[in-house]
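Here are my notes on the model you sent, set out as numbered points. I have kept to what can be read from the coordinates and from the database record.

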Amino acid sequence: MSTPHIDAQKGDFAEVVIMPGDPLRAKYIAENYLKNAIQVNTVRSMLGFTGFFKNKRVSVMSHGMGIPSSVIYVRELISEFGVKKIIRVGTCGAVLDSVNLNDVVIGMGACTDSRINRLRFGNHDFSAIADYDTLSSLVLSAKKMNIVVKVGNFFTTDSFYSNTSELLKMLVQYNILAIEMETSGIYSIAAELNAKAVSICTVTDHLIKNDKLSVKDREESCSKMIDIALNSIHLN
Ligand SMILES: O=P(O)(O)O[C@H]1O[C@H](CO)[C@@H](O)[C@H]1O
Ligand SMILES: O=c1cc[nH]c(=O)[nH]1
């Protein structure tokens, strides 16, 4: 029952899938957080694993970079493999003075410069919002671990290198918490297919303060977010 992008059998994925952009982050999560993890996808090196976190079955699979890649995987997971909930664990840039490197942020909604949602939603503006219960469980999970998370609006861009000063100024004006490249598309595809989705991200770059984490620090900084995401699946 494989799809063009996922060579797995029905039942190979758990109902909840934790999704980073980076395949190596998926492998890292499987190896360091899950028990008895087995690899369930290697097509295009978009690595997927299923194992157990505190006795609850969970999968982790990367979705690649950008809306076009991520919505292919999210669509196939939901429509072909019975996945009911996606928690994206990503990295992001920040623009607000009140947001710093290593902060953990959750996207209550996501604006975008992509046209994909309009293509699918009759050329109208789709309001890309998180699943409320999943968002609440992430916030509760963070609280239980005494980790501060910020919840707000994301900006999902198709263009990693188009951060003009005008764009950044506008994002500040509109109180945008994070810039990343997938959330708006993931929220809309989940809505279309009657599944749940939330993005939780770690701030790795500050685009106004011109600050960024090193490649090595990026890896370590993701641990708070991964802990919050995995523990949240026990809360609803
Ligand atoms: O770290 P991930 O989850 O890949 O997320 C962010 O990093 C990539 C860009 O470097 C984009 O995918 C963006 O959304
Ligand atoms: O999409 C992204 C990811 C990390 N940092 C950014 O500035 N943008």
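1. Is Gly21 buried or exposed? In this predicted model, Gly21 is buried, because 21 other C-beta atoms lie within 10 Å and the threshold for a buried residue is 20 or more. The residue sits in the loop between β1 (16-19) and α1 (23-33), and, leaving aside residues up to four places away in sequence, it touches Ser62, His63, Gly64, Met65, Gly90 and Glu182.

2. Gly21 also belongs to the surroundings of ligand 1, which are made up of Pro20, Gly21, Asp22, Met65, Gly90, Thr91, Phe160, Glu180, Met181 and Glu182. By residue class, this shell divides into four nonpolar, three polar and three charged residues.

3. The unreviewed UniProt entry places a "binding site" feature at Gly21, Arg25, Arg44, Arg88, Val89, Gly90 and Thr91, and such annotations may be inferred rather than shown by experiment. Gly21, Gly90 and Thr91 from that record are also among the residues around ligand 1. Arg44, another annotated position, is found in the loop between β2 (35-41) and β3 (48-53), and it counts as partly exposed because it has 15 C-beta neighbours inside 10 Å.

4. Ligand 2 is surrounded by Thr91, Cys92, Gly93, Phe160, Ile179, Glu180, Met181, Thr204, Asp205 and Leu207. The elements that contribute two or more residues to this shell are β5 (85-94), β8 (176-180) and β9 (196-206), with β5 supplying the largest share, three residues. The shell comprises five nonpolar, three polar and two charged residues. Thr91, Phe160, Glu180 and Met181 appear around ligand 1 as well as around ligand 2.

5. Turning to the interior, the largest nonpolar core has 71 residues, and those with the most contacts inside it are Val17, Ile18, Ile86, Ile200 and Ala229. Helix α2 (residues 67-81) gives the most to this core, namely seven residues. Ile18, one of the residues named for its contacts, touches Ile29, Val58, Val60, Ile87, Val89, Ala229 and Leu230, again not counting residues up to four places away in sequence.

6. As for the overall fold, the secondary structure of the chain comes to eight helices and ten strands. The radius of gyration is 17 Å, close to the 18 Å that the globule rule gives for 236 residues, so the chain is as compact as a globular protein of that length. Its C-alpha atoms fill a box of roughly 50 × 45 × 30 Å along the principal axes, and buried residues make up 47% of the chain. Among contacts between residues at least 6 apart in sequence, 75% join residues at least 24 apart.

Methods:
Residues numbered from 1 in each chain as written. Chains lettered and ligands numbered in written order. Predicted model: local features only at pLDDT ≥ 70, side-chain atom pairs only at ≥ 80, totals over all residues. Near = placed C-beta within 6 Å. Nonpolar A, V, L, I, M, F, W, Y, C, P; charged D, E, K, R; others polar. Core = buried A, V, L, I, M, F, W, Y, C linked by C-beta atoms within 7 Å. Buried ≥ 20, exposed ≤ 12 C-beta atoms within 10 Å, placed from the backbone. Helix = DSSP H or I, 4+ residues; strand = E, 2+ residues; numbered from the N terminus. Contact = placed C-beta atoms within 7 Å. Rg over C-alpha atoms; globule rule 2.2 N^0.38 Å.
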